[in-house]
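These exercises go from the overall form of one chain to single charged pairs. Work through each task before reading its solution.

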Amino acid sequence: MPVNYLSGIFGPSLLKPLQEHMDAVIACVSLLPELIHSLNQGDGDHASKLHEQVIEHEQHADELKIVLREHLSYSLLLPIPRRDLLEILQTQDKMANRARDLAGLVRRRELSFPEDLREDYLRFLRCCVNSAVQAQSSVHELDELFETGFRGQVAEIMSRFLGNLDALESEADQLQSELEARVMQKESSLPPVDVMFLYRVLSWTGNLADYSNRIGNSLHLLVTR
Amino acid sequence: MEYTLILLILAGVFGLFMAWGIGANDVANAMATSVGAGALTIWQALVVAAVFEFAGAFLAGGQVTATIRKGIIDSSPFVSQPEVLAIGMLAALLGAGIWLLLASWRGWPVSTTHSIVGGLVGFALIAVGAEAVQWDKIGGIVASWVISPLLAGVLAYLLFMSVQVLVLRRSDPLAEAKRYVPFYIFLVGFILSLVTLFKGLKHVGLEVSTSQAYGIATLIGIAAAALGWVVIRNLRLDPSADTEFRFANVEKIFGILMVFTACGMAFAHGSNDVANAIGPVAAVISITQSGTVAQSSPLPIWVLLLGGVGIVLGLAMLGRRVIATVGKRITELTPSRGFAAEIAAASTVVLASGTGIPISTTHTLVGAVLGVGMARGISSLNLRVIGNVFMSWIITIPAGALVSIVSFIILRAIFIH
């Protein structure tokens, strides 16, 4: 049966793949607290297993990203500017990469925070993961936004979501600078190379919240344009 | 005239075949949008299409038939040789049929209307020459092929914007949908019946004045809206469906609207496209019966019936499969979008039918879908394919003409020595 031209005029839907990509990214990110926890407990086997899962999810996300990028190369008429869509996709991609790198770093170096900082670091990490999950819900709100032409009631709900994202990001910033200050106090008592990597872990963890917020900003552009 | 009976039988067979092909392919396209949106099951679509295609063909198909029959070819050069005109009409029909068969087998976006018009022009050029073609009419028709998708696109854009402002962006879209959908249903009933009353019903012996037409059309619109209102009241909505996607129930209400627009689409299609099959048949009948090219005799009603039956047969035999395949792929056009495209396309097509202009239903529908896309209503449209669809009509005319010329030469060799 030849392809019917009437059905041929409908291009591939891009919202669903974008959401699936985000789901894969979040699957990757949300493994991090457990990974850190098991390292803190000294359970290296479990940590390796989680690390492998993080890598798997990240690879899955990469595959989805490639498919989506191919779709974007067609001459398609889209309800949202192609550039905005690409921007969201790239930020999501960066988030997954960051989560993968972070998992790799702590796993390989068996890095853990000094006993008295562990709880606070986990709190910081969970805050960043929360903001990533909030970004995921916002990306899933694209269905409803598309339905209403990116205006009206749904756009207001979306703005509320983005407000949450802002709040989570400033909370994460706050926690990050507190932790950095406390690591600084302990610098002299810790191996210098470890200190270097602790700062890096903090900064990469904070990136997760930054990226979440950047996704939020891109979505905000869609409803205000 | 020799071979009168054979020519008549051939005309009947070719016309039926053409109508059958239209039913199997074009109608399926027109109905697939409603099936893809989930508003109709395939079997419901078949019933709706059968009833309303037939009604459209029978009630409003006369004007376009007249154009195909005598509006494109100037019959005066054929006064001394009426059998050439009869054979030419057969050739145009056969040529367009063969060309369409080839095109639909290959999946080319080809319009039935463009093929038959190309076929008529082709044979006239070969049989007599350029003076046998009513170029001014052709100019108008070709212009309408540009205007009709544009008009449908603009209408669809406006309709979709109206539904966003009135329903989708409101704080309670469900309540607004219940309130406004009957108005859209009224619009469908009103426009379709108004055009039909104005232009279509002369041949069934019904003459109505302008004010009567407006009155009756309003009544039909209100009746349709009331019916829709009752159905929406009794629609069982599932609040849990809205947790996954908050507009699931709103779309369900638009699904009811889409049942009505599907009826309108089928009606409009029948009113315009039946002529492609039976216009030439009517011409052959008139020539063979009178032995002249005068063609002043009215269109025999049984010819309209023949076209209607052919369309329904094609739909029943092959259309089901086509609707299923196309419908499965057109899920992007959800009811809140699909209805706008369908009302716009149906109104444009019926308007053209009333004026006697043969236009392409599918192209009009594609124009309407593009209009919704411009209003950011469709998640993605493949512009390259849309370009191909519109480009194809430029190719269809010479192609239809060429196949018709070959058919004409063969038929002439057989019937006129």
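**Exercise 1.** Determine what share of the 417 residues in chain B is buried, and describe the build of the chain.

Solution. Buried residues, those under 20% relative accessible area with a 1.4 Å probe and protein chains only, make up 57% of the 417 residues in chain B. The model is predicted: local features need pLDDT of at least 70 and side-chain atom pairs pLDDT 80 or more, while totals for chains, interfaces and linings use all residues. Residues are numbered from 1 along each chain as its sequence is written, chains are lettered from A and ligands numbered from 1 in the order in which they are written, and side-chain values use heavy atoms, without hydrogens and water.

Next, count the elements. Chain B has 14 helices and 1 strand, taken as DSSP runs (helices H or I, at least four residues; strands E, at least two) numbered from the N terminus. Its radius of gyration is 22 Å, close to the 22 Å of the globule rule for 417 residues, so chain B is as compact as a globular protein of that length. That radius is taken over C-alpha atoms, and the rule is 2.2 Å times the number of residues to the power 0.38. Along the principal axes, the C-alpha trace of chain B spans about 75 × 45 × 35 Å.

**Exercise 2.** Find the partner of A:Glu147 in a salt bridge, and state whether A:Glu147 is buried or exposed.

Solution. A salt bridge needs a side-chain nitrogen of Lys or Arg within 4 Å of a carboxyl oxygen of Asp or Glu. The partner is B:Arg337, with the closest N and O atoms 3.6 Å apart. This pair crosses between chains, from helix α7 (residues 142-147) of chain A to helix α12 (residues 335-355) of chain B. A:Glu147 is buried at a relative accessible area of 3%, and B:Arg337 is buried at 0%.

**Exercise 3.** Locate the salt bridge of A:Asp120 and explain the spacing of the two residues along the chain.

Solution. The side chain of A:Asp120 meets that of A:Arg123 at 3.9 Å, N to O. Both lie in helix α6 (residues 115-140) of chain A; because they are 3 residues apart there, about one helical turn separates them. A:Asp120 is partly exposed (from 20% to 50%), with 24% relative accessibility.

For another pair, take A:Glu110 and A:Arg107, whose closest N and O atoms are 2.9 Å apart in a salt bridge. A:Glu110 is partly exposed at 48%.

**Exercise 4.** Name the residues that A:Glu58 is linked with in a network of salt bridges.

Solution. The network links A:Glu58 with A:Arg98, A:Arg100 and A:Asp101. Over all chains, the whole structure holds 16 salt bridges.
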